[in-house]
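Subject: Structure handover

Hello,

Here is the structure for your files, followed by notes on what was found in it. Please read the notes with the coordinates open.

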Amino acid sequence: MSDSTWYILGAGSIGSLLAHHFTQRDQQQITCHLLLRDQAHLAQYQQAGGIHLQTPNDSTRLSAKPKAYTPDNQSLSISQLIITTKAHQTVTALQPWLPALQQNATIILLQNGMGVIPRIKPYLPHADYVLATTTEGANRMAPFTVHHAGRGTTWFGRPQDAQIDIHSTLHAERTESILKTFERSGFPCRWDQNIEQRLWQKLAINCAINGLTIIHDCKNGELISNPSARPQFDALISELEQLYAACHPTLAPKLRQTIYQVATDTAQNICSTLQDWRNQRPTELPFLNGFLLDYAEKHQIDLPMHRKLMTTLLEK
């Protein structure tokens, strides 16, 4: 039997949404714990009285109180962990919890950006890493208060280079545990044997939209409607098409259509990267456009617009 206890590292919008549903929906079959940074954050959580959720139609406010821990708790043994921190925060957030993590723990990375696993694998070389991406909409309204803005689907899969026996009973049990946990908690989910293709598509969308919204300090849809932004938007997409035609040819033909559709569907959204920028917080851009530029360089493909974008943002 797979363990039914899950730990969540990262109490932002998605982490809070998961912790709320895991706790509120099915208390008998799923145990969920929050891993908080320090005693100050624990005190803030206790003062908030748990996690508060506003439903998609704004009509209902629900509350749940999963148990929360700080790294000074020496009694934990973590076998199943979901990381929902910002990509650039992952190593720093994870390090205090390393003594509590089982060496073969299941670690789900539900984040924007690419390139996180190589940074944490030296600390946990035998962990079972699972990549994830979701179209669930969640906005952090205040610490431990989240608005569930829209329903979606969450996709999981293991990296192509995962060192795990895909025919083992343990592998099958862990996969089943992940899917059952999310389904029982009210999250439609799927397993994708080629999850990295989904993540490469999401990377392209984020690289075209997120950084440019900072340059123009605008909502996503304004990248299309603003005459000064759209040529830059198109140029970024053209470079992505060039790179993907060479390295991810199955994604290239519909890449522009996909990116435009997302910008249209989320026209009124202020992306999280721009929110971080406005609040003078570090952004995920090194794991988005920065990762993309490193990848392109390895394949000897020049992306001058993406490079210019990163240079401009570093100088802002």
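**Salt bridges**

At 7% relative accessibility, Glu 136 counts as buried. Please keep in mind for this and everything below that the model is predicted. The partner of Glu 136 is Arg 151: the two form a salt bridge in which the closest N and O atoms are 3.4 Å apart. Arg 151 sits in the loop between strand 10 (145-150) and strand 11 (154-157), while Glu 136 sits in the loop between strand 8 (128-134) and strand 9 (137-142), so the pair ties together parts that are 15 residues apart in sequence. Unlike the buried Glu 136, Arg 151 is partly exposed, at 43% relative accessibility.

In total there are twelve salt bridges. Another of them joins the side chains of Asp 276 and Lys 86, at 3.1 Å from N to O. This pair links distant parts of the chain, 190 residues apart: Asp 276 belongs to helix 10 (residues 272-278), and Lys 86 to the loop between strand 6 (78-83) and helix 3 (90-94). Asp 276 has a relative accessible area of 5%, and because the cut-off for buried is under 20%, Asp 276 is counted as buried.

A third case is Glu 241 with Arg 256, where the closest N and O atoms of the salt bridge are 3.0 Å apart. Here Glu 241 comes from helix 8 (residues 230-247) and Arg 256 from helix 9 (residues 255-265), and the two are 15 residues apart. Both ends are partly exposed: Glu 241 has a relative accessible area of 23% and Arg 256 one of 24%. The pair also belongs to a network of salt bridges that links Arg 230, Asp 234, Glu 241 and Arg 256.

**Sheets**

One open sheet has eight strands, in the order 5-2-1-6-7-8-11-12, and its pairing is mixed. Its edges are strand 5 (67-69) and strand 12 (189-191), each of which pairs on one side only. On average, neighbouring strands of this sheet are turned by 25° against each other, direction ignored. Within the sheet, strand 6 and strand 7 (residues 101-110) pair in the parallel sense over five bridges. One position to look at is Ile 78, whose bridge partner in strand 7 is Leu 101.

There is also an open sheet of four strands, with the order 4-3-10-9 and mixed pairing. Strand 4 (61-64) and strand 9 are the edge strands, each pairing on one side only. The twist from one strand to the next averages 25°.

Strand 9 and strand 10 of this sheet are antiparallel and pair over five bridges. Two residues can be followed across to strand 10: Ala 142 has Thr 145 as its bridge partner, and Arg 140 has Val 146. The two strands form a hairpin with two residues between them, and Phe 144 in the turn has a positive phi of about 65°.

**Helix packing**

Helix 6 (residues 195-216) lies across strand 8 and strand 11, and runs at about 45° to strand 8.

Helix 8, which carries Glu 241, packs against helix 12 (residues 304-315) at an angle of about 125°, with the axes 8 Å apart. That angle makes helix 8 oblique to helix 12. On the helix 8 side the contact is made by Gln 232, Ala 235, Leu 236, Glu 239 and Leu 240, which meet Pro 304, Met 305, His 306 and Leu 309 of helix 12. By type, the residues of this contact are six nonpolar, two polar and one charged.

**One further residue**

Gln 39 is found in helix 2 (residues 39-48). With a relative accessible area of 44%, Gln 39 is partly exposed. Leaving aside residues up to four places away in sequence, Gln 39 touches Thr 70 and Asp 72. The C-alpha atoms of Gln 39 and Gln 111 are separated by 25 Å, and these two residues are 72 residues apart along the chain.

Regards

Key
Residues are numbered from 1 along each chain as its sequence is written. This is a predicted model: local features need pLDDT of at least 70, side-chain atom pairs count only at pLDDT 80 or more; totals for chains, interfaces and linings use all residues. Side-chain values use heavy atoms; hydrogens and water are left out. A salt bridge is a side-chain nitrogen of Lys or Arg within 4 Å of a carboxyl oxygen of Asp or Glu. Buried means under 20% relative accessible area, exposed over 50%, partly exposed in between (1.4 Å probe, protein chains only). Two strands pair if DSSP finds at least two bridges between them. Axes are lines fitted to C-alpha atoms, for helices over the stretch in contact, and angles run from 0 to 180 degrees between N-to-C directions. Contact means heavy atoms within 4.5 Å. Angles under 35 degrees count as roughly parallel, over 145 as roughly antiparallel, 65 to 115 as roughly perpendicular and the rest as oblique. Ala, Val, Leu, Ile, Met, Phe, Trp, Tyr, Cys and Pro count as nonpolar, Asp, Glu, Lys and Arg as charged, and the others, Gly among them, as polar.
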